[in-house]
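Here is a friendly walk through a few local features of one protein model. Have the coordinates open in your viewer as you read.

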Amino acid sequence: MDPGNRQNVQPLEPSKLSIKSRPLYQPSLEELVDVLEEGLRANFVEVTIGITDCPNFNEQPYNFHREGLCGNPIVFDIGDPAYLLPSAQRDKFYDVKSLLRHLNYNTTDCLVIGAGAGPWPRTGCNCELIMKMHLSPRQEVENATRYAFVGKTPNEECVLHQVPVNEDETTFALLGNLYVCEGRPGQVIGVRAKKRTGNLDFIACMQKALGSRYKDKLVGMGGTFVMRNGMIKQHVMRDFSKTPLNSEAELNNWLRFYEMETPLTAVGTFVSAETDLDLRVQHFHSASDENKLGGHYHIDTTPDTIEYEGYFNVATIIHRVDQPANKLQFGKD
């Protein structure tokens, strides 16, 4: 993070953005448990899944400044990797607080969690966003957001920055996949999975199960999961490439891949299908204050020992904000 490089770039005005709002199909939690369990059991030896009360997400390792994942749950798919590739469109700069105000989702307490690209005009450098914040009805912010950077050292170690709790920073760049709710306690789907034997990552197991079951309906979910007792493949974006990234190989060469130690706590969303909204079907970022690590979750690299514990809720509406005109052909993993 290089605050000395802060730039006076203002977030895009929501009233000038294309926003497509679509009601989501809401299966019962009981039905979703059966659907998700099938996908998980095809890839993990030990699976426990059911309806459970939210743990207190105000506490470690979550630190959401809200207790639960319930109360008017919605999901956002904002921007797109197309605004990063082949070259970064630096005007794509968003403010979740103003977006919520524009959609009249600002009259109650709300929790915002999810994955995106960090606010480079504020941080001075491109980075990964792990967004976790509480917005009060008066638009006061309690921040638990983290940014993950590629360090400017020979080994390019990951650098994790913690946003101060009272810092009113609600912006991000290029793209974001966010779950928003009132942060109330309530019942959600709780998942525990151990010893991965399949080729799919933890979220892909569930996302593909949704897609197989609800072929003609759009289902959206959001939440959090903790990874323990293993190592995780994650990437962190370097600062913007000085040359266009025109292929998957060029993109992967620009990204910095790491094998990160657990524990790591992830936040994000997944949906049953891309649809005509060109949605990102899954997107989770994770961080660890203990290990000072963070990044974009791909998969565990220690399948025999890895343990996942997750909590997820089904959303009522999806808001597709600033959808690009042309669909990206790579880079949405």
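## The surroundings of Arg238

Beyond its neighbours within four places in sequence, Arg238 makes contact with Asn126, Val150, Glu156, Asn253, Trp254, Leu255 and Arg256. Please keep in mind that this is a predicted model. Arg238 sits in the loop that links β13 (231-236) and α5 (248-254).

How far apart are Arg238 and Trp254 in space, C-alpha to C-alpha? The distance is 6.7 Å, although 16 residues separate Arg238 and Trp254 in sequence. Asn253, also on the contact list of Arg238, offers a backbone oxygen that lies 3.2 Å from a polar atom of the Arg238 side chain. Is Arg238 buried or partly exposed? Arg238 counts as partly exposed because its relative accessibility is 22%, and the buried class requires a value under 20%.

## Strand β16 and its partners

Now let's turn to a strand. In β16 (residues 282-288), seven of the seven residues are buried, so the strand is mostly covered. Gln282, Phe284, Ser286 and Ser288 point one way from β16, while His283, His285 and Ala287 point the other way. Both groups are buried.

Which strands pair with β16? One is β15 (residues 264-271), which runs antiparallel to β16 and is joined to it by six bridges. Within this pairing, Thr265 has Ala287 of β16 as its bridge partner. Another is β17 (residues 293-300), also antiparallel to β16, with four bridges between them. Here His285 is matched with His296 of β17. β16 and β17 form a hairpin, with four residues between the two strands. In the turn, Lys292 has a positive phi of about 55 degrees, a value you may like to check in your own torsion plot.

## Cysteines without disulfides

How many disulfides does a search of the whole structure find? The search finds zero. For Cys125, the closest cysteine sulfur is that of Cys127, and at 6.7 Å the two are too far apart for a bond, because a disulfide needs sulfur atoms within 2.5 Å. Cys158 is in no disulfide either: its nearest cysteine sulfur also belongs to Cys127, 10 Å away.

What about solvent accessibility? Cys125 is buried, with a relative accessible area of 8%. Cys158 counts as buried too, at 12% relative accessibility.

Methods
Residues numbered from 1 in each chain as written. Predicted model: local features only at pLDDT ≥ 70, side-chain atom pairs only at ≥ 80, totals over all residues. Heavy atoms only, no water. Buried < 20%, exposed > 50% of the residue type's maximum accessible area, 1.4 Å probe, protein only. Contact = heavy atoms within 4.5 Å. Polar contact = N/O pair within 3.5 Å; in protein donor to acceptor, adjacent residues only side chain to side chain. Pairing = 2+ DSSP bridges.
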